[in-house]
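Subject: Structure for you to look at

Hi,

Here is the structure I promised to pass on. Have a look at it first, and then read on for what turned up.

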Amino acid sequence: MYYCHFAIFHIDYSFGQNKIVQGEEYRAESQKTTKNVYSWNTPRGKIYDRNGNVLVENQPIYTLTYANPSSEDSQQDKLDLAKTLAGIINMTTEKVTERDKEDYWILTRKQEAYAKLTSEEQKNLDDSEEYQLILERITEQELASIPADEMEVLAIKREMDVDSSSVNRIKSGLTIQEIATVNERLEELPGVEVKIDSERKYVYGDTLRQLFGNVGQIPKEEADSYKSDDYALSDLVGTSFLEQQYEEVLRGTKEKQTYVEDITGKISDVKVTAGESGKDLILTIDLKLQQEVEKIIEEELKKDEGAQSAYVVMSNPTTGEILAIAGKKESDNKIADELYGAFYNSYAMGSTVKGATVLTGYETGVISPGDTFVDSPIKISGTPVKKSYVNMGNINDLTALERSSNVYMFHIAMKIGDYDYARKLGFKNPEKAYEMMRKYFGQFGLGVKTGIDLPDEATGYNGGVQKLGNLMDFAIGQFDTYTPLQLLQYISTIANDGKRVQPHFMKEVREPSNENGKSGEVIEEFQTIVLNTVDMDRAYIERVQNGFHLVMNGNQGTAASAFRGASYDPAGKTGTAQVSNGNVGYNYNLTLVGYAPYENPEVSISVVVPNVENDSSGINKSIGRKILDYYI
């Protein structure tokens with residue numbers, strides 16, 4: 001195990017109770033005046049998949065640190081030290097801000113800076129007011145005139161000036177030559193040390209890299225909060241995704257050393273409090289499944305020239321465990337990861353949401369199981385003709401799901417809006433109709449937060465209250481937008497007999513283990529959380545489950561050609577949403593939701609392939625079939 005060494009944590013000046021003693025004994029006691037506390041960081045916890053594969057671990061690096069050796073050191077002293085360091089290390093300037101340049105320009109060009117003030121201003125303004133006025137009068141040309149070698153000095157001094165209750169990191173990842181040169185010249189570098197630090201190592205490269213998130217410096221706007229939790233401002237913390245979500249789990253406990261130092265430099269009363277590595281985080285992800293899903297997506301995108309991106313999420317519908325989550329996007333003939341799109345990007349999902357529409361119809365009483373409508377084109381004032389991809393004649397709810405009838409869903413929407421299609425009258429309370437539809441869709445996770453264990457997630461786009469035609473579009477998934485993760489929660493809720501469970505990545509938290517490649521004792525397990533149970537008759541849910549089974553197994557099912565005969569007896573729903581291609585035509589969002597086996601489901605899937613040029617592509621069904629085949 002290795003530790004990152006950090007210098008003075010705080011200095012507490014406390015004077016002991018004076019005693020009536022004589023001579024040297026009195027002086028020795030009174031000189032024990034300074035209590036120093038040094039702290040050392042410990043490595044963050046590792047991250048594993050559900051099968052014990054290490055996904056994220058730590059590797060040692062060397063870091064140049066600075067601790068101000070004296071409160072009396074001036075800005076000029078720091079500047080001189082920064083100049084010396086600039087001759088030893090190569091320092092990037094990418095973090096330097098405009099304000100950093102302004103402060104540096106004033107510090108290094110004082111005569112020019114104060115020449116910007118009139119004698120009257122210098123007479124009447126205090127130091128703070130003078131400084132602010134100079135800042136306002138510095139020109140862009142003057143800042144641009146700072147040469148490259150000075151910019152490197154500025155970058156070093158910037159890190160030295162960071163407010164910290166510990167030491168400041170100047171540069172991480174020192175080269176062997178830099179380490180050697182610094183150590184040779186330590187006597188002329190007050191407050192500077194080379195310390196062992198650690199950085200995250202991603203064992204499987206880009207696989208799940210975006211999900212892990214980043215570790216970095218504490219954001220300025222959150223400094224006070226972290227300080228109250230015993231962080232030094234120079235500490236590295238999780239700043240996004242899982243690293244941020246589980247910061248309290250992954251962070252280690254610092255080792256601390258305290259001692260008393262008298263004015264002669266003699267040290268006594270040394271006490272060491274041992275530190276401990278962060279806890280290990282065990283994910284619900286199955287690494288092999290994850291890798292296969294990513295491979296399938298890439299292969300399908302390469303085969304389909306009209307598709308540029310695709311997203312897949314797989315879970316256990318009864319527990320909410322995320323088994324795999326992937327996103328890929330093609331650009332300039334290269335396919336890159338875009339995993340975050342599965343919970344940040346939202347799309348019109350098309351007919352996959354028709355299960356929610358039918359269930360809303362049941363619960364609001366506008367239809368009953370077995371009710372029929374004639375599937376033929378619908379014309380209402382102010383709206384283009386609305387129809388299915390083919391006229392289906394007189395159909396019931398099961399056929400409407402199996403064959404994906406738009407018209408059946410339009411009739412449900414019109415009835416919810418109290419619109420009499422025969423008389424072309426009604427829809428006098430649009431707000432109530434939209435509210436009702438979104439209320440029931442939300443019970444399945446559509447348009448609301450899924451509760452995923454991440455710092456944030458998107459909830460999609462709510463189109464507000466619009467015309468009757470828009471409500472009809474809502475009913476077929478072409479108005480509000482949803483994320484692939486929301487779509488997964490929706491199908492999982494149906495598969496789970498109406499219980500909407502919280503999706504999650506954390507399976508367990510374990511004690512760190514010194515044995516390579518193994519985690520320690522389980523100290524916490526994620527317990528399944530039912531967010532809500534859909535407020536409707538269980539028989540209604542079973543009716544839609546039946547319709548979804550026909551989609552993949554029936555004679556006219558829209559996904560039957562891809563799934564009929566699958567040994568695992570799947571159920572699900574396809575979707576196609578027409579979207580603008582940015583010119584005068586249309587592209588298509590091709591989607592698929594499903595679960596298997598039909599009885600006692602153990603896996604649910606969401607597949608979203610947005611902006612495909614050809615609506616007959618079938619890439620959504622091809623991806624879905626392959627990932628379910630592999631899983632089973």
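I started with the enclosed spaces: searching the whole structure turned up four cavities of 30 Å³ or more. Bear in mind throughout that this is a predicted model.

The largest cavity comes out at about 60 Å³. Its lining is made by Ser315, Gly320, Leu485, Leu488, Gln489, Ser492, Val501, Gln502 and Pro503. Helix H21 (residues 484–495) is the biggest contributor there, with four residues. Sorted by class, that lining has four nonpolar and five polar residues, and no charged ones.

The second largest cavity has a volume of about 40 Å³. Around it sit Glu159, Val162, Asn168, Arg169, Gln217, Leu233 and Ser234. Here the classes split into two nonpolar, three polar and two charged residues.

One residue from that second lining is worth a click: Asn168, which lies in strand E5. Is Asn168 buried or exposed? With a relative accessible area of 5%, Asn168 falls under the 20% cut-off, so it counts as buried. Leaving out its neighbours within four places in sequence, Asn168 is in contact with Leu64, Thr65, Tyr66, Glu159, Met160, Asp161, Val162 and Ser234. Take Thr65 from that list: Asn168 and Thr65 are 103 residues apart in sequence, yet their C-alpha atoms are 5.4 Å apart in space.

On to the pockets. The largest pocket has a volume of about 980 Å³. It has 32 lining residues, and those nearest its centre are Tyr389, Asn406, Gln478, Thr576 and Gln578. The elements giving two or more residues to this lining are helix H18 (406–416), helix H20 (468–475), strand E23 (571–580), strand E24 (586–596) and helix H24 (619–631). Which of them gives the largest share? That is E23, with five residues. By class, the lining of the largest pocket has nine nonpolar, 16 polar and seven charged residues.

The second largest pocket has a volume of about 850 Å³. Its lining counts 41 residues, with Arg169, Ser172, Asp197, Val215 and Leu236 closest to the centre. Two or more lining residues come from each of E4, H8, strand E5 (168–172), E6 and strand E7 (215–217). E6 gives the most, with six residues. The class split for the second largest pocket is 14 nonpolar, 12 polar and 15 charged. Arg169 appears again here: it is among the residues closest to the centre of this pocket, and it also lines the second largest cavity.

H8, one of the elements lining that pocket, deserves its own look. It has 13 residues and reaches 19 Å from its first C-alpha to its last, close to the 18 Å expected at 1.5 Å a residue. H8 is mostly covered, with 11 of its 13 residues buried. They are Glu150, Met151, Glu152, Val153, Leu154, Ala155, Ile156, Lys157, Arg158, Glu159 and Met160. The cover over these buried residues includes E4, H2, H3, E5 and E7.

That brings us to H2. The 12 residues of helix H2 (residues 75–86) should span 16 Å at 1.5 Å a residue, and its end C-alpha atoms are indeed 16 Å apart, so the two values agree. Its buried residues are Lys78, Leu79, Leu81, Ala82, Leu85 and Ala86. Because they cover an arc of only 165° around the axis, they lie on the same side of H2. What do the buried residues of H2 pack against? They pack against strand E4 (54–66), helix H3 (98–108), helix H8 (148–160) and strand E6 (192–202).

One last spot: Ala560, in helix H23 (residues 560–563). At 1% relative accessibility it is under the 20% cut-off, so Ala560 counts as buried. Not counting residues up to four places away in sequence, Ala560 touches Val551, Met552, Asn553 and Gly554. For a sense of scale, Ala560 and Ala180 are 380 residues apart in sequence, and 68 Å separates their C-alpha atoms in space.

Cheers

Conventions. Residues are numbered from 1 along each chain as its sequence is written. This is a predicted model: local features need pLDDT of at least 70, side-chain atom pairs count only at pLDDT 80 or more; totals for chains, interfaces and linings use all residues. Side-chain values use heavy atoms; hydrogens and water are left out. The expected span of a helix is 1.5 Å times one less than its number of residues. Buried means under 20% relative accessible area, exposed over 50%, partly exposed in between (1.4 Å probe, protein chains only). The arc is that of the directions from the helix axis to the C-beta atoms. Contact means heavy atoms within 4.5 Å. On a 1 Å grid over the protein atoms alone, a cavity is a set of points where a 1.4 Å probe fits but cannot get out, and a pocket is an open set with protein on both sides within 12 Å along at least five of seven lines; lining residues have an atom within 4 Å of a point. Grid points are joined across faces, edges and corners, and a volume is the space filled by probe spheres set on the points. Ala, Val, Leu, Ile, Met, Phe, Trp, Tyr, Cys and Pro count as nonpolar, Asp, Glu, Lys and Arg as charged, and the others, Gly among them, as polar.
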